[in-house]
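Let's take a walk through this model together, going from the contact between the chains to a strand and then to a helix. Keep the 3D view open as you read.

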Number of protein chains: 2
Amino acid sequence: MKKIILTGDRPSGPLHLGHYVGSLKNRLAMQQEYQQYLIIADVQALSANAENPEKVRENVLQVMLDYLAVGIDPAVSTIFLQSLVPEIAELTIYFLNLVTVARLQRNPTVKEEIRQKGFGASVPAGFFMHPVSQAADITFVKADIVPVGEDQLPLIEQCCEIVRSFNRIYAPVFPEPQGIVPKQGARLMGLDGKAKMSKSLGNAISLCDSADDIQKKVMSMYTDPNHLRVADPGEVEGNMVFSYLDIFDSNVAEVEELKAQYRAGGLGDVAIKRRLNTVLQELIGPIRDRRNEFAKDPVAVMQLLKQGTERAREAAAKTMIEVRRAMRIDYF
Amino acid sequence: MKKIILTGDRPSGPLHLGHYVGSLKNRLAMQQEYQQYLIIADVQALSANAENPEKVRENVLQVMLDYLAVGIDPAVSTIFLQSLVPEIAELTIYFLNLVTVARLQRNPTVKEEIRQKGFGASVPAGFFMHPVSQAADITFVKADIVPVGEDQLPLIEQCCEIVRSFNRIYAPVFPEPQGIVPKQGARLMGLDGKAKMSKSLGNAISLCDSADDIQKKVMSMYTDPNHLRVADPGEVEGNMVFSYLDIFDSNVAEVEELKAQYRAGGLGDVAIKRRLNTVLQELIGPIRDRRNEFAKDPVAVMQLLKQGTERAREAAAKTMIEVRRAMRIDYF
């Protein structure tokens with residue numbers, strides 16, 4: 001039997017190159033070999049956007065379009081909408097009994113996210129409990145593998161703790177999921193080189209950006225601030241253009257040659273940016289074309305999401321039968 | 001249209017005289033005038049008994065028998081099981097976004113319950129969030145009225161805050177419920193006079209106690225520790241036998257006369273205890289008989305619970321349609 005993967009995104013904005021490198025590419029590579037579930041986590045997105053549900057709703061379609069555009073096949077991978085699988089809410093409620101408040105307060109991922117969003121003590125309880133609802137996302141499909149960023153490994157550890165508690169107290173219903181950090185480029189730095197790529201930081205190239213936008217963004221990228229004249233020697237390390245070329249340019253030999261030239265002096269920023277622009281246009285162009293094609297019929301796209309959600313609910317129903325039996329709440 | 005009441009019990013033990021005085025009697029009085037929902041809160045019971053689900057399961061039937069025994073009519077009042085209404089879990093998850101962790105930490109009812117159960121920092125997250133799941137219990141049936149003990153008024157306040165947030169952010173879906181504290185005897189003191197009646201404190205008379213048990217318990221009741229000889233004058237205040245006579249003995253004039261005699265001296269504890277025993281046997285005897293009758297066919301009793309749960313789910317489905325529309329998660 002194929003191993004089961006759970007992965008997905010919060011619909012809080014269109015996906016960008018960081019998502020492509022960090023997760024979408026891997027999902028494409030894995031969709032045949034594994035049984036892959038892709039969650040569009042709208043409930044989770046609402047926990048940080050409770051006052052802005054329209055934004056979440058709009059982005060559900062956008063994320064769906066991004067998935068289809070990069071080549072995720074909804075007949076092979078099960079793409080589903082979190083809010084339409086109420087079993088996840090049920091499981092979350094039961095899991096909450098197996099975790100202490102103190103344990104949640106110590107979770108490094110939650111701590112960091114609370115800090116980043118500036119919540120302080122006024123963190124919404126729903127946000128505070130993400131690790132528990134994510135454990136429900138993962139376990140309701142009995143996922144074996146969860147691809148994550150390094151910073152999210154504590155969430156998987158938390159999930160495993162919950163699984164062990166549940167299996168010990170009630171019955172061995174769930175496998176312990178394994179968190180897998182993709183080897184290269186899991187964290188694509190932003191165009192400014194300051195932090196990882198993020199739409200809210202304004203340092204991202206979206207998969208739906210126009211050719212013009214991409215060009216403008218590439219031309220504005222952070223290179224070596226001391227590399228003022230073409231003739232000057234320049235730094236390659238920390239130079240975002242070379243970082244990106246390392247990731248996106250398949251001609252490794254030529255890139256190494258360019259690095260040598262740049263270090264020696266005599267290679268201008270504009271030249272390397274043009275090369276990166278060409279590489280990215282070739283990558284994103286076909287994705288954008290497919291995206292535009294799908295975007296013509298949003299109803300059909302949402303229908304695909306509906307079908308995936310129905311498949312996810314079948315898995316959820318099966319799991320809940322076992323959960324109810326184990327918890328002795330299988331009354332009727 | 002009839003006003004809607006939500007009330008109920010955690011199935012953590014058979015109900016006792018404290019429940020009868022504090023809530024069951026009122027429910028009987030109200031079941032015709034109001035549309036009454038009675039929740040058997042097994043999910044909530046599990047949050048403090050996660051490791052002991054069998055106990056919760058057994059007590060579901062016990063509570064159901066107690067309800068039927070005191071005269072709650074399942075055709076008139078809707079008795080339902082919390083774990084079989086997953087919409088409550090869904091609503092809880094959405095409500096959690098509208099409450100901060102700091103606000104929950106300040107909730108006096110939760111604080112006190114955490115203290116009582118000795119949880120400290122290791123309070124399960126599920127227990128910590130009771131006020132939110134209770135808000136879901138109350139609102140999914142759009143309850144107007146929630147009968148509560150004085151100590152639980154902060155839970156209703158919390159619910160109202162959540163309702164106001166939800167109605168303001170999304171759409172005016174829910175009424176603000178009103179917490180009503182029954183006038184007399186809302187808190188029946190225990191047989192020992194030390195705290196309110198509670199099975200876990202061993203100071204309770206259960207509605208299913210045998211005639212012998214009742215007699216033994218009454219004979220052991222706390223009176224006036226300085227009232228050593230029949231001829232001595234005795235204290236009436238703080239004397240549990242007189243407290244109970246005040247509540248359960250309908251002959252007020254005779255009870256006042258007994259009090260006067262007791263104060264003056266010349267009335268023994270055994271005499272007043274015998275009187276109380278007679279009164280309580282007359283009250284509980286018919287309840288126990290009806291209980292034994294229903295207990296002969298537990299399958300039929302659970303069937304009544306199933307039917308009530310189905311009615312509750314109809315209400316839940318209607319509410320969730322409105323909730324989903326308001327929250328813009330009404331996708332398909």
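**Where the chains meet**

In this predicted model, 43 residues of chain B are in contact with 43 residues of chain A. On the chain B side, several helices each supply at least two of the touching residues: α2 (42–48), α3 (53–70), α4 (86–96), α5 (101–106), α7 (125–128) and α14 (298–326). The largest share comes from α4(B), with 6 residues. If you colour this side of chain B by residue character, you will find 29 nonpolar, 7 polar and 7 charged residues.

Now let's turn to the interior. The largest nonpolar core has 194 residues. Which of them have the most contacts inside it? They are A:Tyr37, A:Phe95, B:Tyr37 and B:Phe95.

A:Tyr37 is a good residue to centre your view on. Leaving aside its neighbours within four places in sequence, A:Tyr37 is in contact with A:Ile4, A:Ile5, A:Leu6, A:Thr78, A:Phe80, A:Val141, A:Ala143 and A:Ala312. A:Tyr37 also belongs to one of the two faces of strand β2(A), where A:Gln35 and A:Ile39 accompany it. The other face carries A:Gln36, A:Leu38 and A:Ile40, and the residues on both sides are all buried. In a regular strand, side chains alternate between the two faces of the sheet. Because 6 of the 6 residues of β2(A), residues 35–40, are buried, the strand is largely enclosed by the rest of the structure.

Next to consider is the pairing of this strand. Strand β1 (residues 4–9) of chain A runs parallel to β2(A), and 6 bridges join the two. A:Ile4 stands opposite A:Gln35 in β2(A), and A:Ile4 is also among the contacts of A:Tyr37.

For a contrast, move over to chain B and find helix α12, residues 252–264. Its 13 residues reach 19 Å from the first C-alpha to the last, close to the 18 Å expected at 1.5 Å a residue. Which residues of α12(B) are buried? They are B:Val255, B:Leu258 and B:Tyr262. Seen down the helix axis, the buried residues of α12(B) fall within an arc of 60 degrees, so they line one face of the helix. An α-helix has 3.6 residues a turn, so residues three or four places apart point the same way. What covers the buried residues of α12(B) includes α11 (240–248) and α13 (269–295) of chain B. On the other side of α12(B), B:Ala253, B:Glu257, B:Ala260 and B:Ala264 are exposed. Just after the helix, B:Gly265 takes a positive phi of about 100 degrees.

Note on methods
Residues are numbered from 1 along each chain as its sequence is written. Chains are lettered from A and ligands numbered from 1 in the order in which they are written. This is a predicted model: local features need pLDDT of at least 70, side-chain atom pairs count only at pLDDT 80 or more; totals for chains, interfaces and linings use all residues. A nonpolar core is a set of buried Ala, Val, Leu, Ile, Met, Phe, Trp, Tyr and Cys residues joined through C-beta atoms within 7 Å. A residue is buried if 20 or more other C-beta atoms lie within 10 Å of its own, exposed if 12 or fewer, and partly exposed in between; C-beta atoms are placed from the backbone. Two residues are in contact if their C-beta atoms, placed from the backbone, lie within 7 Å. Helices (H or I, at least four residues) and strands (E, at least two) are DSSP runs, numbered from the N terminus. The expected span of a helix is 1.5 Å times one less than its number of residues. The arc is that of the directions from the helix axis to the C-beta atoms. Ala, Val, Leu, Ile, Met, Phe, Trp, Tyr, Cys and Pro count as nonpolar, Asp, Glu, Lys and Arg as charged, and the others, Gly among them, as polar. Two strands pair if DSSP finds at least two bridges between them.
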